[in-house]
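Trainee: I would like a close look at one part of this protein, with its surroundings. Please take one helix and go through it step by step.

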Amino acid sequence: RTMKNSIFILAAIGFMAGTLLTSCEKTTEQKLEGARQIIGEVKQDLKDGRSEYLADWQSFKRESEKTLEANEKRIDAFKDKMAKVGPKAKAKYSKEVAILEQNNRDLKKKLDDYKDEGQDKWVEFKTNFKHDMDSFGKTMKDLFKDSD
């Protein structure tokens, strides 16, 4: 009996160990498949995020280019207006207009020179560029208001 019991116990332990190992393998495979799915989702999220930020960049660039072109037209209109005033007013505004023209060109160059360096750099660039554009717009508005 002891021999039969020992064989039976050994067989039971072997069966349990085999079952345990087989279930561990499945669990490991399942975990691996789950990890692959998560990696795939993260890659898709990154791709989607990159697409969104690139679309945002293109939209921002178009809007900024339109604003810079509008600035050029306002400066030209102001220069035409200055041509009709006396020499004292011309002297007063000619230097400011030259500075405005240069600042507008600098902003345009900054926009054209931007290189894709990732989303974090894009957010930083966008924030700084908007600040510069707002400041430029205020300066131009103040100068043109003074001339009326």
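Mentor: A term is needed before anything else: pLDDT is the predictor's confidence in each residue, on a scale from 0 to 100. The model is predicted, and its mean pLDDT is 78, with 67% of the residues at 70 or more. Confidence is highest in H2, at a mean of 88, and lowest in H1, at 73. Where pLDDT is low, the predicted coordinates should not be read in detail. The part taken here is H2, and the other helices come in where they touch on the account.

First, the setting. The protein has 3 helices and 0 strands, so the pattern along the sequence reads α-α-α. Of the contacts with a separation of 6 or more, 78% are between residues 24 or more positions apart. Buried residues make up 18% of the 148 residues. The accessible surface comes to about 11500 Å², and carbon and sulfur atoms account for 57% of that surface.

Now the helix itself. H2 covers residues 87-113, which is 27 residues. At 1.5 Å a residue, a helix of that length should span 39 Å; the C-alpha atoms at the two ends of H2 are 38 Å apart, so the two values agree. H2 also has a bend of about 35 degrees, located at Tyr93. Tyr93 is buried, as are Val97, Leu100, Asn104, Leu107 and Leu111 in this helix.

Two residues of H2 deserve a closer look, Asn104 and Arg105. Asn104 has a relative accessibility of 2%, so this residue counts as buried, the cut-off being under 20%. Beyond its neighbours within four places in sequence, Asn104 is in contact with Leu68, Asn71, Glu72 and Phe136.

Arg105 also lies in H2. Its relative accessible area is 47%, and therefore Arg105 is classed as partly exposed. The side chain of Arg105 makes a polar contact of 2.9 Å with the side chain of Gln102. Glu72, already listed as a contact of Asn104, is 33 residues from Arg105 in sequence, and their C-alpha atoms are 9.0 Å apart.

Further along H2 is Leu111, another of its buried residues. Leu111 is in contact with Ser64, a residue of helix H1, which runs over residues 2-83. Ser64 has 5% relative accessibility, so Ser64 counts as buried. Setting aside neighbours within four places in sequence, Ser64 also touches Phe129 and Met133. H1 has the lowest mean confidence of the helices, at 73.

One residue outside H2 completes the picture. Trp122 lies in helix H3, residues 119-147. Its relative accessibility is 2%, so Trp122 counts as buried. With neighbours within four places in sequence left aside, the contacts of Trp122 are Tyr53, Asp56, Trp57, Phe60 and Tyr114. Tyr53 is 69 residues away from Trp122 along the chain, yet the C-alpha atoms of the two are separated by 8.1 Å.

Note on methods
Residues are numbered from 1 along each chain as its sequence is written. This is a predicted model: local features need pLDDT of at least 70, side-chain atom pairs count only at pLDDT 80 or more; totals for chains, interfaces and linings use all residues. Side-chain values use heavy atoms; hydrogens and water are left out. Helices (H or I, at least four residues) and strands (E, at least two) are DSSP runs, numbered from the N terminus. Buried means under 20% relative accessible area, exposed over 50%, partly exposed in between (1.4 Å probe, protein chains only). Contact means heavy atoms within 4.5 Å. Accessible areas come from the Shrake-Rupley method with a 1.4 Å probe; for residues, only the protein chains shown count as cover. The expected span of a helix is 1.5 Å times one less than its number of residues. The bend at a residue is the angle between axes fitted to the seven residues ending there and the seven starting there. A polar contact is a pair of N or O atoms within 3.5 Å; within protein, one must be able to donate a hydrogen and the other to accept it, and residues adjacent in sequence count only if both atoms are side-chain atoms.
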